[in-house]
Number of protein chains: 2
Amino acid sequence: MFTFVPLLAHNPNTTIMVLTEKHKELIERIGVFHEHKGMQPLVGRIIGLLLVHEDGEVSFDEIVEQLGVSKSAVSNALTFLQAKDRCVYSTRPGDRKRYFALKLSDWRADFAKELENIAEIQKFIDEVLEVRTEKNQEFNCKMKDFSDFLGFFKKEIPALFERFKRQQA
Amino acid sequence: MFTFVPLLAHNPNTTIMVLTEKHKELIERIGVFHEHKGMQPLVGRIIGLLLVHEDGEVSFDEIVEQLGVSKSAVSNALTFLQAKDRCVYSTRPGDRKRYFALKLSDWRADFAKELENIAEIQKFIDEVLEVRTEKNQEFNCKMKDFSDFLGFFKKEIPALFERFKRQQA
DNA sequence: TATTTGGTTCTCTATTTGCAGAACTAACTG
DNA sequence: CAGTTAGTTCTGCAAATAGAGAACCAAATA
């Protein structure tokens, strides 16, 4: 008679990385940096942890332990990070845990998105120009100027990555 | 006997601009755009109002009336905008009112600051690289790559403005 | 079938935020 | 000096946020 003997089921990576004070302090600072960008506190801390963790992949449980927060908070934060496409998880045969990692691979796409996002103000500038009267031409000109620059800027983004690539080789 | 007859004291520009629905709706959208950038709601609305207002300069009172908010809220928001160097006020002889305007003139400096700000993540990336072990070289390499790009990017910012200037002429 | 594991969802609460309204101040006016 | 004007600061509250803890669920195990 055969019994199913799971290879790893009783042997998940249960030892967790030891974080030094330096690690912890860096995680906090990365946390507040992201808070300033409008993210909720724990989300920023998790990004910090995933960055400094030597494995790059961190289990749900370990996040809970390392950051000393509740499972519910971690669950919500990870759902958010995945929705924003900043984070993915992988699994391992015979181990039901999920191991979360940053999608560091597409930093190019992410950064480009951020640039386009800040240039998004152009849309508003243009709408503003449409509703403005001719009364204050100086003001209008400066806005037109800014809008033109933003258009130029957006077009330049791909070239920027190109030049970086060439300059690297 | 001479009496002091103030030229404008009883004649400040008391008629306020009429905002259409389109104006109001645009102000709201500009407001939420800035909220997403981490500003408090009223600050974004004021930016919107100063953008669409035909005069470019708007008195404290008119801000209160147009946006239908309290004086205290406006006072705090304007203090904030001035602290952030996004806004200035001017006065007129014989008129004690302050007329607030966006510092639209230095959009170049502002935009450059925003770009540098998003590249500030490099500082953290580098610190992270210093505390990371050699364990996950692939992860480390991607981070190094990203950091290199951010360094390159920062250096490119002035050139970007240069190219825009040339391309305009 | 009962229990454990890994995680999600729901409910509740402490904290923070954003603003109103009142009290206040400082400069000017009658 | 009493009143007005223009704006600031203080006090308090309603709403939003962030997270704890418990209840819950589904898959795997005993």
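Colleague: pLDDT is the predictor's confidence in each residue, from 0 to 100. Over which residues of chain A does it stay under 50?

Modeller: This is a predicted model, and in chain A the pLDDT is under 50 throughout residues 1-12. For that stretch the model has 6 contacts beyond four places in sequence.

Colleague: And what is the mean pLDDT of chain A?

Modeller: The mean for chain A is 91. A pLDDT of 70 or more is reached by 92% of the residues in that chain.

Colleague: What does the domain assignment give for chain A?

Modeller: Domain 1 covers 21-102 and domain 2 covers 107-168, according to the domain assignment of chain A. Their C-alpha centres are 33 Å apart.

Colleague: Let's do the sheets. In what order do the strands of the chain A sheet come?

Modeller: Chain A has an open sheet of 3 strands, ordered β1-β3-β2, and the pairing is antiparallel. β1 (58-59) and β2 (87-92) of chain A are at the edges; each has a single partner strand, so one side of each lacks a neighbour in the sheet.

Colleague: How many bridges join β1(A) to β3(A)?

Modeller: There are 2 bridges between β1(A) and β3(A), and the two strands run antiparallel. A:S59 has A:Y99 in β3(A) as its bridge partner.

Colleague: Now chain B. What order there?

Modeller: In chain B, 3 strands make an open sheet in the order β1-β3-β2, with antiparallel pairing. β1 and β2 of chain B are the edge strands, each pairing on one side only.

Colleague: Which residues of β3(B) do B:S59 and B:V58 face?

Modeller: B:S59 has B:Y99 as its bridge partner, while B:V58 is opposite B:F100. Strand β1 (residues 58-59) of chain B pairs with β3 (residues 95-102) over 2 bridges, in the antiparallel sense.

Colleague: What about the other side, how many bridges join β2 of chain B to β3(B)?

Modeller: β2 (residues 87-92) of chain B is joined to β3(B) by 5 bridges, and the strands run antiparallel. B:Y99 is the bridge partner of B:S90 in that pairing. B:Y99 is also the bridge partner of B:S59.

Colleague: How many residues are between β2(B) and β3(B) in the hairpin?

Modeller: The hairpin has 2 residues between β2(B) and β3(B). In the turn, B:G94 has a positive phi of about 75°.

Colleague: On to the DNA. Which residues are closest to strand C?

Modeller: The closest to DNA strand C are A:K71, A:S75, A:R96, A:R98 and B:S70, out of 20 residues that surround it. By class, that surface has 7 nonpolar, 7 polar and 6 charged residues.

Colleague: Which elements supply at least two residues each to that surface near strand C?

Modeller: From chain A they are α3 (60-67), α4 (71-83) and β3 (95-102), and from chain B they are α2 (41-52) and α4 (71-83).

Colleague: How much of the DNA strand C atoms within 4 Å of the protein is sugar or phosphate?

Modeller: Sugar or phosphate accounts for 59% of those atoms of DNA strand C, and bases for the rest. On the base side, a polar side-chain atom of A:K71 is 2.4 Å from a base nitrogen. On the phosphate side, an N or O atom in the side chain of B:Q40 is 3.4 Å from a phosphate oxygen of DNA strand C. A backbone N or O atom of B:L42 lies 3.3 Å from a phosphate oxygen of that strand.

Colleague: And strand D, which residues are closest there?

Modeller: A:S70, B:K71, B:S75, B:R96 and B:R98 are the closest to DNA strand D, among 20 residues that surround it. The classes there are 8 nonpolar, 6 polar and 6 charged. α2 (41-52) and α4 of chain A, with α3 (60-67), α4 and β3 of chain B, each contribute at least two residues to the surface near DNA strand D.

Colleague: Which atom of strand D lies 2.3 Å from a polar side-chain atom of B:K71?

Modeller: A base nitrogen of DNA strand D. Phosphate oxygens of DNA strand D are approached by backbone N or O atoms of A:L42, at 3.3 Å, and of B:R98, at 2.5 Å. Of the strand D atoms within 4 Å of the protein, 60% belong to sugar or phosphate.

Definitions and conventions:
Residues numbered from 1 in each chain as written. Chains lettered and ligands numbered in written order. Predicted model: local features only at pLDDT ≥ 70, side-chain atom pairs only at ≥ 80, totals over all residues. Heavy atoms only, no water. Domains from an automatic or database assignment. Pairing = 2+ DSSP bridges. Helix = DSSP H or I, 4+ residues; strand = E, 2+ residues; numbered from the N terminus. Contact = heavy atoms within 4.5 Å. Near = heavy atom within 4 Å. Polar contact = N/O pair within 3.5 Å; in protein donor to acceptor, adjacent residues only side chain to side chain. Nonpolar A, V, L, I, M, F, W, Y, C, P; charged D, E, K, R; others polar.
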